[in-house]
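Let us take a walk through a protein structure together. Have the sequence and the 3D view open, and pause to find each place as we reach it.

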Amino acid sequence: MTEQDGRYRARIATAPDPVPAAGEVLVRVAASGLNRADLSQIAGRYPPPPGESSILGLEVSGHLVETGAPVCALLGGGGHAEFVAVPAGQILPAPTSLDLVSAAGIPEAFLTAFVNLVVEAGLEAGQRVLIHAGASGVGLAAIQVAKLVGAQAAATTRSPEKQGALVSAGADIALVSADERSLLEVERQWGRNAVDVILDPVGGATLASDFRLLGTGGRIVVIATMGGARAEVDLALLMRKRARLVGSTLRARSRAEKAALVARFNRECLPGFESGRLRVSVDTVVPPEQAAQAFERMHQNRSVGKLLIAWSDPLRAVRAALS
């Protein structure tokens, strides 16, 4: 996969079947999920962690080759392919309530939401959370995870046509834009200094307003820098509100840490799919030959929810990988 001036080109290439190392299992991929981390890797800004596959792709659904069991999996790389070797601790059972292709949208998006809202920020029932970029795969997952734990959720999007998706996911307040108007609307509905947790993939462009909305003891978790990697922080305000500013990534964590997080997610969050309280919001499903268009759709911020590549075509004779 290559990119030039916002235009993506995908190449289908043959690659050797991955050979599982100790502690790994082989998965025949049904579908793989696209993530903005893929765009960063294509641009050369986000290489895979040492020892992980250089092939793109951080989440899949499929079947265990050894047993045929339907699963989904969190990956450090290698997901955009027909087969992938996965650390056993990063495997989840695919919910029976979802079709297997849609299940590919669970691992990266919902684990990112769960880890940063619940594990890092300690979000609890009765608290209030603000989620920026709420119409993304992670954003829509975060709204649902917040509601699952009993919190109130406000979410922002820059696109008016995406506002309905925030409401459908369960947002109590759905805001178009993340500027001064959003501040005023949150304060009008919830009051001043009323937000307990802010999940922020925007970064530099929103951090000042984050601190203004945050209540005493509040937590801001920065998970990306789509709006810039630098910002001024009012340290006096940080101290006065006894706030915490947390930086967080998922991909770079050790396999042991990921296994512990996946196990906790399996216990606390995965049952939400069977009960119907959680669902994967799918924007588009494409075959591998149309992967470039899907990456462009994500790059242009036109998607709402998850973009998925379906690999389970029984007519495909070549075991392929996007490289």
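A nonpolar core is a set of buried Ala, Val, Leu, Ile, Met, Phe, Trp, Tyr and Cys residues joined through side-chain atoms within 4.5 Å. Keep in mind that what you see is a predicted model. In soluble globular proteins, nonpolar side chains tend to be buried together. Here the largest nonpolar core has 49 residues. Phe 110, Leu 117, Val 129, Ile 143, Leu 166, Phe 265 and Phe 273 are the ones with the most contacts inside this core. Apart from it lies another core, made of 24 residues, including Leu 56, Val 84, Ala 291 and Trp 311.

Pick out Leu 166 to get a feeling for the packing. Which residues does Leu 166 touch, if we set aside those up to four places away in sequence? They are Gly 134, Ala 135, Leu 140, Ile 143, Ala 155, Thr 156, Thr 157, Ala 171, Ala 174 and Leu 175.

Gly 134 also turns up around another residue, Gly 139, which sits in helix α4 (residues 137-148). Leaving out neighbours within four places in sequence, Gly 139 is in contact with Gly 134, Ile 131 and Ala 133. Gly 139 counts as buried, because its relative accessibility is 2% and the cut-off for buried is under 20%. Ala 121 is 18 residues from Gly 139 in sequence, and their C-alpha atoms are 16 Å apart in space.

Now move along to helix α9, residues 255-268. Its 14 residues reach 20 Å from the first C-alpha to the last, close to the 20 Å expected at 1.5 Å a residue. Which residues of α9 are buried? They are Lys 258, Leu 261, Val 262 and Phe 265. Looking down the axis of α9, you find these buried residues within an arc of 100 degrees, so they line one face of the helix. They pack against β6, β8 (91-93), α3 (107-120) and α10 (271-275). On the other side of α9, Ala 256 and Arg 267 are exposed. Phe 265 is a good residue to remember: it is among the buried residues of α9 and also among those with the most contacts in the largest core.

Next, let us look at charged pairs. Side chains of opposite charge can pair when their charged atoms come close. How many salt bridges does the structure hold? There are eleven. One of them is still in α9, where Arg 264 pairs with Glu 268 and the closest N and O atoms are 2.7 Å apart. These two residues are four places apart in the helix, about one turn. Both are partly exposed: Arg 264 has a relative accessibility of 27%, and Glu 268 has one of 40%.

Another salt bridge joins Asp 283 and Arg 297, with the closest N and O atoms 2.7 Å apart. This pair links distant parts of the chain, for Asp 283 is in strand β15 (residues 282-286) and Arg 297 is in helix α11, 14 residues apart. Asp 283 is partly exposed at 21%, and Arg 297 is partly exposed at 23%. Salt bridges that share partners also join Glu 24, Glu 52 and Arg 255 into one network.

A further salt bridge brings together the side chains of Glu 187 and Arg 192, at 3.4 Å from N to O. Are its partners buried or exposed? Glu 187 counts as buried, at 11% relative accessibility, whereas Arg 192 counts as exposed, at 60%.

Stay a moment with helix α11, which covers residues 291-299. Its buried residues are Ala 291, Ala 292, Ala 294, Phe 295, Glu 296 and Met 298. Just after α11, Asn 301 takes a positive phi of about 60 degrees.

Finally, visit two loops. His 80 lies in the loop between β6 (70-74) and β7 (83-87), and this residue is buried, with a relative accessible area of 0%. Its side chain makes polar contacts with the side chains of Ser 32, at 2.8 Å, and Asp 38, at 3.1 Å. Glu 232 is in the loop between β13 (214-222) and α8 (235-240). With a relative accessible area of 77%, Glu 232 is exposed. The C-alpha atoms of Glu 232 and Gly 204 are separated by 8.1 Å, although the two residues are 28 places apart along the chain.

Technical notes:
Residues numbered from 1 in each chain as written. Predicted model: local features only at pLDDT ≥ 70, side-chain atom pairs only at ≥ 80, totals over all residues. Heavy atoms only, no water. Buried < 20%, exposed > 50% of the residue type's maximum accessible area, 1.4 Å probe, protein only. Polar contact = N/O pair within 3.5 Å; in protein donor to acceptor, adjacent residues only side chain to side chain. Contact = heavy atoms within 4.5 Å. Expected span 1.5 Å × (residues − 1). Arc of directions from axis to C-beta. Salt bridge = Lys/Arg side-chain N within 4 Å of Asp/Glu carboxyl O.
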